[in-house]
Amino acid sequence: MYKGIQAKLKKGGPIDVSYWENVSQQTFVEISKTRLREKHNEITKRREFSQTSAAASSGKSTSQLFPIPTSDEADFKKPADVPETEKPRKKQKKEDVQTMKIVKKDNHDETCVQEYDDMCYTPIRVDVIAMDAVVYTDQKFAKEIKEQRATVIASQGSSTLGDSTDSSRSIDLEEQGQALMGPALEDEELFNADIDMGTQTYSWQDKYKPRKPRFYNRVHTGYEWNKYNQTHYDQDNPPPKIVQGYKFNIFYQDLIDNNTTPQYKLTVCKDDKEFCILKISAGPPYEDIAFKVLNKQWEYSNRYSFKSQFSQGIFQLWFQFKKYRYRR
């Protein structure tokens, strides 16, 4: 039974651990008591056998050592038949026998205690302090875990890729963006207006503190000289500029899983069908980020500078819109 309980505790599973540990301890105590009782009986029998052997070797029988009166013996005589001189002798003999029994019982108890100590049935108490062992209680362990989590969250909050409102970080971000896309052209403008997505919940937010990724984007504008614009506009009176494409650069330098490429998704706006929401998701510890772009078809050819790649912690998504010819 004890081995079965130990196997169940080692195996684990949906069991009441505290209950089975208590049962295991009680079972171990009962086993120890049973073994001690068996050993005591064995020692007692061995002692009786040794006394019997010693009596036999000295020429005395066990009946002489432990006399058992019979019905034929004189001790069953009436008191009137017993001489007066034998009465004090028998009384003294009876007292001596009782004294010998008490002494024998005391010696027997001392012998059992000595043999119990020699056999080491009771384990020696181990001093934890002398072993230089670290003892963890449930409260102490929970406190240390809480402090470690607070330290990780604080270090993530003070990361160099934190809030983009810091001027020094903004300058560094602009330098990285210019290094990626080159200097801004006349028909390119900054496009760093993201959409507030409200409160977002993630399955990993208990382990990592969600934070917004930094980004450096540009929008490409220009004139579209189709047949209609060629007819109604010229170089001195150009048509209005239109959005022709976007260049998104999202920085995920602290991404936990660098082997996972960020994903983007387009959703048409319900209130305005001419626009759609571009949502980009990467994973912990970064929140999802979204931008509002025109709802037009993309050119997925490298000829039109399409790019969707994730390298060195930077996700780049560059695309141009398709151009349609004017027909009367």
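The legends below accompany close-up views of a predicted model.

**View 1. The whole chain of the predicted model, shown with its seven helices and 10 strands.** The protein has 328 residues, of which 23% count as buried. Its accessible surface comes to about 25000 Å², and carbon and sulfur atoms contribute 53% of that area. Among the contacts in the protein with a separation of 6 or more, 63% are made by residues that stand 24 or more positions apart.

**View 2. Strand β6, residues 275-281, and its two faces.** In a regular strand the side chains alternate between the two faces of the sheet. Here the covered face of β6 carries Cys 276, Leu 278 and Ile 280, whereas the uncovered face carries Phe 275, Ile 277, Lys 279 and Ser 281. Cys 276, from the covered face, is buried, with a relative accessible area of 4%.

**View 3. The pairing of β6 with strands β5 and β7.** Strand β5, residues 263-268, runs antiparallel to β6 and is joined to it by six bridges, and a hairpin of six residues leads from β5 to β6. Within this pairing, Leu 266 has Leu 278 of β6 as its bridge partner, and Leu 278 belongs to the covered face of β6. Strand β7, residues 289-294, is likewise antiparallel to β6, with six bridges between the two. On this side Ile 280 stands opposite Ile 289 of β7, and Ile 280, too, is part of the covered face of β6.

**View 4. Cys 269 and Cys 276, two cysteines without a bond between them.** The closest cysteine sulfur to that of Cys 269 is the one in Cys 276, at 6.6 Å, which is too far for a bond; a disulfide would need the two sulfur atoms within 2.5 Å. Seen from Cys 276, the closest cysteine sulfur is in turn that of Cys 269. Both residues are enclosed, since Cys 269 is buried at a relative accessible area of 8% and Cys 276 is buried at 4%. The structure as a whole holds zero disulfides.

**View 5. Arg 211 and its polar contact with Asp 254.** Arg 211 is found in the loop between β1, residues 188-190, and β2, residues 214-215. Although it lies in a loop, Arg 211 is buried, because its relative accessible area of 12% falls under 20%. The side chains of Arg 211 and Asp 254 are joined by a polar contact of 2.6 Å.

**View 6. Two of the 17 aromatic pairs that the structure holds.** The ring centres of Tyr 223 and Trp 225 are 6.2 Å apart and their planes meet at 50 degrees, so this pair is tilted. Both partners are partly exposed, Tyr 223 with a relative accessible area of 34% and Trp 225 at 31% relative accessibility. In the pair of Tyr 300 and Phe 306 the ring centres are 5.1 Å apart and the planes are at 65 degrees, so the arrangement is edge-to-face, the angle being over 60. Its two members contrast in their exposure, as Tyr 300 counts as exposed at 53% relative accessibility, while Phe 306 counts as buried at 16%.

**View 7. The aromatic cluster that includes Tyr 300 and Phe 306.** This one cluster is formed by Phe 191, Phe 215, Tyr 246, Phe 248, Tyr 264, Phe 291, Trp 298, Tyr 300, Phe 306, Phe 319 and Phe 321.

How values were computed
Residues are numbered from 1 along each chain as its sequence is written. This is a predicted model: local features need pLDDT of at least 70, side-chain atom pairs count only at pLDDT 80 or more; totals for chains, interfaces and linings use all residues. Side-chain values use heavy atoms; hydrogens and water are left out. Buried means under 20% relative accessible area, exposed over 50%, partly exposed in between (1.4 Å probe, protein chains only). Helices (H or I, at least four residues) and strands (E, at least two) are DSSP runs, numbered from the N terminus. Two strands pair if DSSP finds at least two bridges between them. Contact means heavy atoms within 4.5 Å. Accessible areas come from the Shrake-Rupley method with a 1.4 Å probe; for residues, only the protein chains shown count as cover. A polar contact is a pair of N or O atoms within 3.5 Å; within protein, one must be able to donate a hydrogen and the other to accept it, and residues adjacent in sequence count only if both atoms are side-chain atoms. Rings of Phe, Tyr and Trp (its six-membered ring) pair if their centres lie within 6.5 Å; planes under 30 degrees apart count as stacked, over 60 as edge-to-face and the rest as tilted.
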